[in-house]
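Visitor: I am new to this structure and would like to know how its descriptions are justified.
Guide: Look at it first, then ask.

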Amino acid sequence: MEIFHLSAECYPMAKVGGLADVVGALPKYQTNAGHQVRVVVPCYDTKFRKENEFECVHWGNVKLGNFDFPFSVLKETSDKLGYELYLIEIKELFDRPNVYGYDDDIERFLSFQIASLDWILARGEVPAIINCHDHHTGVVPFLIKYAYKYASLQNVKTVITIHNGLYQGWFGFDKLYYLPEFDLRHVGFLEWNNSINSLAVGVKCAHAVTTVSPSYLNEINYAANGLESLFNSVRNKSNGILNGIDIEVWDPSKDKMLEYHYSIENFELGKQKNKEKLCEQFDLDPDKPLFSFIGRLFEEKGGDLLPQASALSLSENFENINILILGSGNSEIESQLTQLRNDYKGNYNVFIGYNEELAHLIYAGSDYILMPSRVEPCGLNQMYAMRYGTVPIVRRTGGLRDTVIDFGDEGNGICHDQASVGDICYSINRAVKLYDDKISFNTVLKRGMTADHSWERVCQEYIEIYNLIIEKNEI
Ligand code: GLC
């Protein structure tokens with residue numbers, strides 16, 4: 001079948017978080033399974049855009065109320081991604097270095113959605129499925145159903161996949177005129193709490209809703225930033241599908257970003273070499289267990305707990321541990337973490353920023369990965385870490401609950417229940433003890449390394465949902 005994925009991010013074209021990894025991998029496996037898969041993302045001014053070849057396959061004008069923006073659709077010409085990648089180029093709105101964070105984000109992503117549909121309409125072929133991802137593409141299911149100009153796309157079935165329900169893309173009804181003309185009897189689908197809420201629109205209008213883990217599907221019934229009752233009311237069309245990881249990109253035995261490769265057969269030596277390299281780079285002690293954090297430094301990820309939890313754990317275990325942090329986000333957290341460097345020289349370091357290559361080395365060279373998230377719809381880092389023989393220490397929430405089981409229950413990691421400094425420190429203490437018992441530590445580590453988190457099976461679950469809504473054939 002022909003499947004479109006519409007998203008704000010797609011690795012390697014544009015990545016802020018895990019959304020990019022999923023949209024950069026799932027389509028590849030759907031293509032391998034015999035489907036025609038096209039991924040559509042905005043054309044930001046990224047390294048990938050500059051370094052790759054594209055051909056223009058369509059152009060037009062996107063109308064946003066009184067504004068008119070010329071747009072082009074650019075197709076990536078090599079076959080290297082394993083699926084077809086299309087960029088919506090709207091120079092005025094997207095020719096900028098960042099994906100998000102501009103005052104006109106609402107205008108940017110509405111234009112992206114309208115331009116994408118204009119192009120899909122102009123092709124003349126009607127795809128079977130449009131899979132939208134997060135609020136940036138949430139208005140698409142509504143437009144397909146009710147905007148007059150897309151009437152010939154009415155048979156397309158839509159899915160909205162929720163990677164993060166906290167961000168919802170609200171805007172006022174004063175911007176209602178941005179939308180192409182639609183049947184006004186349905187204006188209620190746009191509304192949530194007196195605003196237009198893009199995520200709510202998608203959830204109401206899509207034929208199916210998916211979340212990126214089964215536990216997250218349960219959690220959004222009582223914690224979804226105001227949309228709890230909505231999620232409750234759509235339970236019968238909702239499914240939680242745990243993300244996979246791209247095991248071709250994430251493979252310690254042939255990872256292009258690593259100097260020292262290893263597998264389950266020789267992980268002790270391989271990890272040690274990576275650890276030595278990493279420790280040298282960050283002035284850490286390779287003879288002590290290394291706890292790392294990779295991710296965005298926000299409360300959602302428990303980033304605010306890291307400075308205190310690091311300081312406490314380091315002072316209690318001064319001779320015994322190293323902590324390394326890679327991330328960026330809240331500037332207050334960034335500066336607290338940077339300051340800690342002076343107090344714990346030789347045992348602690350931080351790299352503020354985003355660096356894909358360093359992330360790979362950290363997965364390979366660390367003993368533990370810390371994920372104290374308050375909210376974690378799926379979480380990919382724990383799966384990358386396990387594949388690289390790094391034991392995850394997680395708060396039981398969302399996808400972390402679905403993928404990590406405490407070693408006390410013969411599992412593959414260390415779990416705690418509260419998003420608190422105390423719980424993190426307690427887990428670190430347990431981890432230090434486990435690390436000293438090499439046989440038990442290696443048993444836990446190997447359980448992680450051998451787990452199957454590949455996309456092949458997961459990809460089939462998406463196809464089943466697509467087939468189900470196609471069979472039902474509800475408008
Ligand atoms: C978001 C979520 C994360 C999830 C990712 C991919 O970034 O916060 O938990 O793994 O999307 O679905």
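**Ligand and cores**

Visitor: What makes the pair formed by P377 and an oxygen atom of the ligand a polar contact?
Guide: A polar backbone atom of P377 is 3.4 Å from an oxygen atom of the ligand. A polar contact is a pair of N or O atoms within 3.5 Å, so this pair counts. Likewise, a polar side-chain atom of K301 lies 3.1 Å from a ligand oxygen atom, and one of R296 lies 3.4 Å from a ligand oxygen atom.

Visitor: How much of the ligand does the protein bury?
Guide: Taken alone, the ligand exposes 310 Å², and the protein buries 95% of that. Such areas come from the Shrake-Rupley method with a 1.4 Å probe.

Visitor: How do you know what to trust here?
Guide: This is a predicted model: local features need pLDDT of at least 70, side-chain atom pairs count only at pLDDT 80 or more, and totals for chains, interfaces and linings use all residues. Residues are numbered from 1 along each chain as its sequence is written, and side-chain values use heavy atoms, leaving out hydrogens and water.

Visitor: Why is the largest nonpolar core said to lie between domain 1 and domain 2?
Guide: The core has 79 residues, and F291, I325, Y348, Y363 and Y368 touch the most other members. A nonpolar core is a set of buried (under 20% relative accessible area, 1.4 Å probe, protein chains only) Ala, Val, Leu, Ile, Met, Phe, Trp, Tyr and Cys residues joined through side-chain atoms within 4.5 Å. Domain 1 (2–244 + 456–472) and domain 2 (267–451) both give residues to this core, so it lies between them. The bounds come from an automatic or database domain assignment.

How values were computed:
Buried means under 20% relative accessible area, exposed over 50%, partly exposed in between (1.4 Å probe, protein chains only). A polar contact is a pair of N or O atoms within 3.5 Å; within protein, one must be able to donate a hydrogen and the other to accept it, and residues adjacent in sequence count only if both atoms are side-chain atoms.
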